[in-house]
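The following note sets out some points on this model for a colleague to check against the coordinates. The points are numbered so that each can be taken up separately.

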Amino acid sequence: MFFEVEIQAFQELLPLLDSHAEKCGLAIFKRPICHYGSYEKGIIVMENLKTSGFEMLTFANGLNVRVVEMVLEQLALLHATSYSWIKTIGFEKFQNDYSELIHDSKYFKDFFPTLNIIPRLVSEK
């Protein structure tokens, strides 16, 4: 299947994180909108960011500090929201209710076992 990870992330996981962020008063992770995705057809239709003034960066001269800061801020927001969401719903519920989303993804197969550290981190707080 094509775009399996992207479709799962944009249509299933990120909307759950958005909902959690809104309930908690957190900022929403910035990303393009996914208008349509089909595993069977191998199609994903994303928002045209060029209409919003987005320009691809050239990496020939490296990235400036502000661009790196913006990327790190968004990654931190995504990880903080994910951590807060899993802490709120409980790790067992996360494993039970969302393991199919995680386990069926080729990308997350290697990553999912590392999430076992979360219960220890939560209990230490």
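1. In this predicted model, the side chains of H20 and S84 are joined by a polar contact of 2.8 Å. H20 has its place in helix α1, and because its relative accessibility is 6%, under the 20% limit, H20 counts as buried. Leaving out residues up to four places away in sequence, H20 touches S84 together with T81, W85 and T88.

2. One of the residues that H20 touches is T81, which is found in helix α2. With 4% relative accessibility T81 falls under the 20% limit, and it therefore counts as buried. Apart from residues up to four places away in sequence, T81 touches H20 and also L17, A21, L26 and A27.

3. Where does the largest cavity lie, in terms of the residues that line it? The lining is formed by L14, L17, D18, A21, A27, I28, F29, R31, L78 and T81, so that T81, already described as a buried residue because of its 4% relative accessibility, has a place in this lining as well. The volume of this cavity is about 50 Å³, and the count of cavities of 30 Å³ or more comes to one.

4. As to the make-up of that lining, its residues divide into seven nonpolar, one polar and two charged. Helices α1 and α2 each supply at least two of the lining residues, and α1 gives the most, with four residues.

5. The largest nonpolar core has nine residues, namely L13, L14, L17, F29, W85, I86, F91, F94 and Y98. Three helices, α1 (4-24), α2 (65-89) and α3 (91-103), each supply at least two residues of this core. In soluble globular proteins, nonpolar side chains tend to be buried together. Among the core residues, L14, L17 and F29 also appear in the lining of the largest cavity, and W85, another member of the core, is touched by H20.

6. L14 deserves a separate look, since it is listed both in the core and in the cavity lining. When residues up to four places away in sequence are not counted, L14 touches A9, F29, R31 and L78. Of these partners, F29, R31 and L78 are themselves lining residues of the largest cavity, and F29 is also a residue of the largest nonpolar core.

7. Turning to strand β2, M46 has its place there, and at 29% relative accessibility, between the limits of 20% and 50%, M46 counts as partly exposed. The C-alpha atoms of M46 and C34 are separated by 4.5 Å, although the two residues are twelve residues apart along the chain. Not counting residues up to four places away in sequence, M46 touches C34 as well as F10, P32, I33 and H35.

8. Is L49 buried or partly exposed? L49 has a relative accessible area of 26%, and because this value lies between 20% and 50%, the residue is partly exposed. L49 lies in the loop between β2 (43-46) and α2, and its C-alpha atom is 9.2 Å in space from that of I33, with their positions 16 residues apart in sequence counted as the separation. Leaving aside neighbours within four places in sequence, L49 is in contact with P32 and F54, and P32 is also among the residues touched by M46.

9. For the chain as a whole, the secondary structure comes to five helices and two strands, and the elements run α-β-β-α-α-α-α from the N terminus on. Buried residues make up 26% of the 125 residues. Among contacts with a separation of 6 or more, 57% are accounted for by residues 24 or more positions apart.

How values were computed. Residues are numbered from 1 along each chain as its sequence is written. This is a predicted model: local features need pLDDT of at least 70, side-chain atom pairs count only at pLDDT 80 or more; totals for chains, interfaces and linings use all residues. Side-chain values use heavy atoms; hydrogens and water are left out. A nonpolar core is a set of buried Ala, Val, Leu, Ile, Met, Phe, Trp, Tyr and Cys residues joined through side-chain atoms within 4.5 Å. Buried means under 20% relative accessible area, exposed over 50%, partly exposed in between (1.4 Å probe, protein chains only). Contact means heavy atoms within 4.5 Å. On a 1 Å grid over the protein atoms alone, a cavity is a set of points where a 1.4 Å probe fits but cannot get out, and a pocket is an open set with protein on both sides within 12 Å along at least five of seven lines; lining residues have an atom within 4 Å of a point. Grid points are joined across faces, edges and corners, and a volume is the space filled by probe spheres set on the points. Ala, Val, Leu, Ile, Met, Phe, Trp, Tyr, Cys and Pro count as nonpolar, Asp, Glu, Lys and Arg as charged, and the others, Gly among them, as polar. A polar contact is a pair of N or O atoms within 3.5 Å; within protein, one must be able to donate a hydrogen and the other to accept it, and residues adjacent in sequence count only if both atoms are side-chain atoms.
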